[in-house]
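Okay, thanks for coming, everyone. I'll put the structure up, and then we can walk through it together.

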Amino acid sequence: MNHILEQMQPSASMQLMARAKAMQEKDPGVIGLAGGEPDFPTPARICMAAMRGLTEGDTHYTPAPGIPALREAIAEKLRRENGIDADAARVLVTPGGKNAIYTAVCAILDPGDEALVLDPSWVSYAPIVSAAQGAPVRVKLHAAARYRLTREALEAAVTERTRLLIINYPNNPTGRILHADEADALEAFLLAHPRVLLLSDEIYEAIVYGERSVSMGARPSVAERVVTVNGFSKCAAMTGWRIGYLHAPREVFAAASKLYSHSVSCVSGFLQAGAVEALRCAREIEDMRLVYEQRRDLFIGALNEIPGVHADYPEGAFYAWVRFDLPGMDAAAMSEYLMEKARVVGMPGTAYGEEEICAMRFSFANATGDMAEAARRIREAVLALG
Ligand SMILES: Cc1ncc(COP(=O)(O)O)c(C=O)c1O
């Protein structure tokens with residue numbers, strides 16, 4: 001057996017989603033807020049486009065990096081919306097953003113190379129780095145500073161062996177966006193460390209509640225070192241379709257597309273036809289964002305009224321990152337307690353690397369009524385602790 005995989009834990013969010021489903025089979029009143037899964041159906045226009053592809057025989061291999069129409073549409077979107085000088089020839093269409101990250105990380109790292117991963121951050125970055133035989137190194141960000149990204153935090157983690165930095169904005173789990181001053185600090189850091197490439201995971205980009213997050217690929221001084229990852233799962237409610245993409249510097253693209261041609265081959269042509277349509281669905285995506293905003297305001301507002309509970313209003317994505325200052329409670333205990341007492345399933349903050357405070361992440365990509373009921377039950381459970 002591969003010793004790295006023997007020691008690896010399965011994805012904590014996938015595990016808790018499965019646990020919530022199992023609990024719901026016995027008790028349909030259980031509210032599952034662990035997964036990052038929009039409750040909206042995929043917009044009908046997107047489904048129709050895929051169905052047309054399916055019935056018209058688009059059921060064979062496509063070119064490995066993707067169909068030209070989709071790669072062109074993605075490059076055009078990256079130029080128009082993100083200010084990236086994108087080239088369709090460097091776009092790789094992948095089964096989900098997760099595979100785009102995995103493929104890029106494998107393409108970049110040599111065994112033993114270090115990759116910086118923000119702490120807290122999404123559960124899969126560090127395991128992906130390990131699976132690629134790299135060494136994940138955490139960049140500690142602090143709740144007290146609202147998880148602001150600083151040059152000091154990056155400098156404290158970088159070494160001669162650092163080859164990659166992975167960032168994700170809007171951020172899962174903290175809900176932060178990348179502000180211009182943080183992007184300046186990041187740019188200065190990259191200029192001071194020319195060996196380090198940047199992977200910018202922008203999968204939640206359209207789900208923001210104020211200004212948009214900066215795309216580092218739009219900064220000319222570092223653009224040739226930035227891999228931009230995005231996809232359709234979250235913003236277009238297409239989690240089950242498994243389709244995402246990356247745009248990479250020439251050498252990274254060359255290595256990534258070779259690995260991809262030997263490992264995945266291609267994404268189904270009819271799904272790619274649906275993705276082309278998804279890129280034209282700004283209105284449908286905005287309609288969903290507006291609902292997330294209402295749920296955010298409702299859920300975060302209600303949680304902040306509970307004694308000992310605090311949550312900042314996220315600037316993006318659809319997660320409440322909630323701090324519990326309750327005697328004797330850590331994140332694991334809190335998550336078990338809420339599962340049992342409130343029948344609400346959330347993610348313990350430790351799954352994202354947050355050990356300093358007792359934090360939990362709850363997704364508000366769930367029915368508005370469920371969010372109100374979850375907040376009510378969490379309140380009752382916390383008050384019952386006395
Ligand atoms: C930050 C982040 N990146 C990537 C992904 C993976 O997205 P996909 O479903 O497109 O593989 C997720 C999904 O939870 C995520 O939260």
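So, let's start with the largest pocket. Helix 2 (12-26) and helix 5 each give at least two residues to its lining. Before I go on, some ground rules. This is a predicted model, so local features need pLDDT of at least 70 and side-chain atom pairs count only at pLDDT 80 or more, while totals for chains, interfaces and linings use all residues. Numbering runs from 1 along each chain as its sequence is written, and side-chain values use heavy atoms, with hydrogens and water left out. As for the helices (H or I, at least four residues) and strands (E, at least two), they are DSSP runs numbered from the N terminus.

Back to the pocket. Its volume is about 540 Å³. Which residues are closest to its centre? Of the 25 that line it, those are Met14, Gly36, Lys98, Trp122 and Lys234. Helix 5 has the largest share of the lining, with four residues. By class, I get eight nonpolar, 11 polar and six charged residues in the lining. For those classes, Ala, Val, Leu, Ile, Met, Phe, Trp, Tyr, Cys and Pro are nonpolar, Asp, Glu, Lys and Arg are charged, and the others, Gly among them, are polar.

You'll want the pocket definition: on a 1 Å grid over the protein atoms alone, it's an open set of points where a 1.4 Å probe fits, with protein on both sides within 12 Å along at least five of seven lines, and lining residues have an atom within 4 Å of a point. Grid points are joined across faces, edges and corners, and the volume is the space filled by probe spheres set on the points.

Next up, helix 9. It covers residues 250-263, 14 in number, and spans 20 Å from first C-alpha to last, close to the 20 Å expected at 1.5 Å a residue (that's 1.5 Å times one less than the number of residues). Val252, Phe253, Ala256, Ser257 and Tyr260 are buried there. Looking down the axis, the buried residues of helix 9 fall within an arc of 120 degrees, so they line one face; the arc is taken from the directions from the helix axis to the C-beta atoms. Turned away from that buried side are the exposed Glu251, Lys258 and His262. Buried here is under 20% relative accessible area, exposed is over 50%, and partly exposed is in between, with a 1.4 Å probe and protein chains only.

What covers the buried residues of helix 9? The cover includes helix 4 (68-82), strand 2 (91-94), helix 5 (96-108), strand 6 (197-201) and strand 7 (226-231). After helix 9 comes Ser265, with a positive phi near 80 degrees.

Now the backbone oddities. Most residues other than glycine have a negative phi, and most peptide bonds are trans. Here, though, Asp119 to Pro120 is cis, with omega near 10 degrees, and Pro120 sits in the loop between strand 3 (114-119) and helix 6 (125-131). Asn172 and Pro173 are also joined by a cis peptide bond, omega about 20 degrees. Pro173 is in the loop between strand 5 (162-168) and helix 8 (180-192).

Last one: Tyr147 has a positive phi, near 60 degrees. You'll find Tyr147 in the loop between strand 4 (135-140) and helix 7 (151-157). Is Tyr147 buried or exposed? Buried, at 7% relative accessible area.

Okay, that's my tour.

How values were computed:
Contact = heavy atoms within 4.5 Å.
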